[in-house]
Amino acid sequence: MPEASASCATSHWQARAPSAREDFFAAIARHRRAAWRITALCVVSYAVLGLVVAVLMAPLLYGVLGLALDAANLLTSTPDLLGLAGQAFLSPATSDTPHSLWVALLAALPGVALVAIAARTLTRAFERSPMFRSDAPIGRPADPTRLAETRMRNVIEEMAIAAAIPAPQVRFMDGSVNAAVFGSGVGQATILIGARMGDCLTRAQLQAVAGHLVSSIANGDVLIGMRAALALSAFSLAGRMAASFTNRAVFASTLRLARALVAPTTANLGVIIAQLSDPLGTLDPPAGTVETASERAAKQGATDSRLTWRQWVLMPLMGPLILSGLLAGISNALLLAPLMSVMWRQRKYMADATAVRLIGDPDALDEALTRVGGAGALLRLAPCAAHLCIVDPAATRGIFGDSFIPIFPPPALRHQALVRMGATERSSAGARSAPAWLLNIIYLLLSLILGPFLLAMMMSAAMASMATSCVFTLMPISILHHFLR
Amino acid sequence: MSAGALILLGVPALAVWLISIYNQLVAFRNQVANAFAQIDVQLKRRHDLIPNLIEVARRYMSFERETLEAVIAARTKAASARTAASGSPSDPNAIASLSAAEGALSGSLGRLFAVAENYPDLKANEQMAQLSEELTSTENKVAFARQAFNDAVMKLNTAVASFPAVLFSGAFGFKVAGTLALFENPADREPVSVRF
């Protein structure tokens, strides 16, 4: 290094006093606490939203069940469910009338059961996705004739021994400079590495990258990442339902997904996987699936807002489905995706801190992150897996794309976290980011503003859904019930 | 409660307590053996790689016979020390011998690589690069596995020396185990001489 540049590099650097340096055990514990708090919040949010959606769906589900009983009554005597429900709702309130909360819970039961079945099918489909399967992973195995790939595979095995976990599968993707980890748990994890990583990083830096990836596996990020992706994908798909009656392509796509959810055959699981992998992206049917005439017509007139006779027939679905979709979409974008982003950032910081514990060299990790980011961080992955990369793959729009809080911590903040653990401070690391307390205040203010807004939105959606349900769901059901009984 | 009843309840309780302590000591000893088995696999791999490395180096370093033979001799000693240690991983003497033998092997390998710097053709050889990488990786794996072994040894030693296990652990053959300090060349432990 020339003398001038060497002096320039050292003039900004000051060794941190041991008292000022954050212990990486403390850092791991702090990030773990924060991540679990946010995870719990996300779980509660999803449960509440699921319940609201289930309540919105209740009139439709009870109506369908009641009509089925009415139809069966033509052959044999069956209870008049719709008549009983009508009497219960229209009769004046007495002390014997059950509490409204119990009525709401009872009404939500079929919806909750339906949501649970749909969630189970979606989880099954997601687990079968090539991205999360260890028996059919993407990429190719290491080429033993390429030293860089052998080295990368070796450092991952070293880190697995250091973290006391089974060595994960290692796969390579040509022409990429980034790495991601996925799978369904500690024993079934796969690490996907851009083949160019080995060419642009030193062994110590590769060890740091491997340390981060293996830490993600050991900390359980693989499973959490999969669940986060599944939840966001599912809500994004639900959000897409809102456009079903104004966009034929969305309508066809929703219908295709509904059919796949009702009959989860192997072929249909492929349809679900394709839609989950990119819930915000293309609406084309996945390769290999047979396109029906209605889907072709829908594709041709994707932008046509005129309703077909099929859509008119399905109009009773409008209230519950559209409003549930609208609610899910808005909540997803305004609340859940940002919450997930904050949670995932904590997991990233935690993996960084654990990697420092394993390798004992924060500088190597810091330099590796800078180099990977500087090289474009390209890794061709499905949007549902973009957040599993070590550095933000800017070219892939992930499912967190709707979130106003980016899913990856800014490089400057990540650098600062590593500096606190003893990494060398770089003047080129960009402007100092806002301190954590300021960000927390901003998040709190946003929550205070968005919280009531979202609550009002939910209540408005529920009322609008009831009104729409009365017109498009309950009225046709009442007429049919009248004729059948 | 009568004395007879106390004895009737106390003796089985004492027996259960002692059995649980004994079982814990057995579990810790097995953990040490298991942790050593992880190291043993990697050490064997290291010893297996060295003849290949020597074979490649011999083609380019025919004038460095002494250095190459020193590595072979150190490897032979380390291999026999490994065999002895794998038979009794809780024996501090066997572990100390293994540490010393592996340290000597690391020292001779270090000299070999230092001399290899003078042979650009050898440095550029692809097979040599692959073998060096495998050797480095194996040594790293041993270093990381050593942490787990030393943790297991510390647990066993604490349990053996704690009261009341200390009263009967010796009688049952539980001894304090030795920690590993692999790949540390004894010369590296010499005090650094600073001259002004």
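This is a quick tour of a two-chain complex, from overall confidence down to a few single residues.

Keep in mind that the model is predicted. The predictor gives the complex an ipTM of 0.75 and a pTM of 0.74. Chain A has 485 residues, with 16 helices and three strands. Chain B has 196 residues and comes with six helices and zero strands.

**How far to trust it**

- Chain B averages a pLDDT of 85, and 92% of its residues score at least 70.
- For chain A the mean pLDDT is 74, with 73% of the residues at 70 or more.
- Within chain A, confidence bottoms out in helix α1 (residues 3–11), where the mean is 38, and peaks in α7(A), at 91.
- Residues 1–20 of chain A have a pLDDT below 50, and beyond near neighbours in sequence this stretch makes seven contacts in the model.
- Another weak patch in chain A is residues 286–291, where pLDDT stays under 50 and the model has six contacts beyond four places in sequence.
- Where pLDDT is low, the predicted coordinates should not be read in detail.

**Chain B as a whole**

- Going along the sequence, chain B reads α-α-α-α-α-α.
- The radius of gyration of chain B is 23 Å, while a compact globule of 196 residues would come out near 16 Å.
- Along its principal axes, the C-alpha atoms of chain B fill a box of roughly 90 × 45 × 20 Å.
- Buried residues make up 31% of chain B.
- Of the contacts in chain B with a separation of 6 or more, 79% are between residues 24 or more positions apart.

**Chain A as a whole**

- In chain A, 45% of the residues count as buried.
- Taking contacts in chain A between residues at least 6 apart in sequence, 75% join residues at least 24 apart.

**Where the chains meet**

- Nine residues of chain B are in contact with nine residues of chain A.
- On the chain B side, those residues split into four nonpolar, three polar and two charged.
- Look for α5(A) and α5(B): their axes come within 8 Å and cross at roughly 10°.
- Angles under 35 degrees count as roughly parallel, so α5(A) and α5(B) fall in that group.
- From α5(A), the residues involved are Leu147(A), Thr150(A), Arg151(A), Asn154(A), Glu157(A), Glu158(A), Ile161(A) and Ala162(A).
- Facing them from α5(B) are Ala129(B), Gln130(B), Glu133(B), Ser137(B), Asn140(B), Lys141(B), Phe144(B) and Ala145(B).
- By class, this α5(A)–α5(B) contact has six nonpolar, five polar and five charged residues.

**Helix packing inside chain A**

- Helix α7 (residues 203–218) and helix α14 (residues 362–374) of chain A pack at about 90°, with their axes 8 Å apart.
- That angle lies between 65 and 115 degrees, so α7(A) and α14(A) are roughly perpendicular to each other.
- On the α7(A) side, the contact uses Ala204(A), Gln205(A), Gln207(A), Ala208(A), Val209(A), Gly211(A) and His212(A).
- On the α14(A) side, it uses Ala364(A), Leu365(A), Glu367(A), Ala368(A) and Arg371(A).
- The α7(A)–α14(A) contact comes to six nonpolar, four polar and two charged residues.
- Helix α15 (residues 411–420) of chain A has Leu413(A), Arg414(A), His415(A), Ala417(A) and Leu418(A) as its buried residues.

**Single residues to click on**

- Phe163(B) and Pro164(B) are joined by a cis peptide bond, with omega at about 10°.
- Pro164(B) sits in the loop between α5 (126–161) and α6 (165–168) of chain B.
- Ala164(A) isn't a glycine, yet it has a positive phi of about 60°.
- You'll find Ala164(A) in the loop between α5 (147–163) and β1 (169–173) of chain A.
- Ala164(A) counts as partly exposed because it has 14 C-beta neighbours inside 10 Å.
- Gly422(A), just after α15(A), takes a positive phi of about 115°.
- Gly270(A) belongs to helix α10 (residues 266–277) of chain A.
- With 19 C-beta neighbours inside 10 Å, Gly270(A) counts as partly exposed; a residue needs 20 or more to be buried.
- Gly270(A) and Arg128(A) are 142 residues apart in sequence, but their C-alpha atoms are 8.8 Å apart in space.

How values were computed: Residues are numbered from 1 along each chain as its sequence is written. Chains are lettered from A and ligands numbered from 1 in the order in which they are written. This is a predicted model: local features need pLDDT of at least 70, side-chain atom pairs count only at pLDDT 80 or more; totals for chains, interfaces and linings use all residues. Two residues are in contact if their C-beta atoms, placed from the backbone, lie within 7 Å. Ala, Val, Leu, Ile, Met, Phe, Trp, Tyr, Cys and Pro count as nonpolar, Asp, Glu, Lys and Arg as charged, and the others, Gly among them, as polar. Helices (H or I, at least four residues) and strands (E, at least two) are DSSP runs, numbered from the N terminus. The radius of gyration is taken over C-alpha atoms; the globule rule is 2.2 Å times the number of residues to the power 0.38. A residue is buried if 20 or more other C-beta atoms lie within 10 Å of its own, exposed if 12 or fewer, and partly exposed in between; C-beta atoms are placed from the backbone. Axes are lines fitted to C-alpha atoms, for helices over the stretch in contact, and angles run from 0 to 180 degrees between N-to-C directions. Angles under 35 degrees count as roughly parallel, over 145 as roughly antiparallel, 65 to 115 as roughly perpendicular and the rest as oblique. pLDDT is the predictor's confidence in each residue, from 0 to 100.
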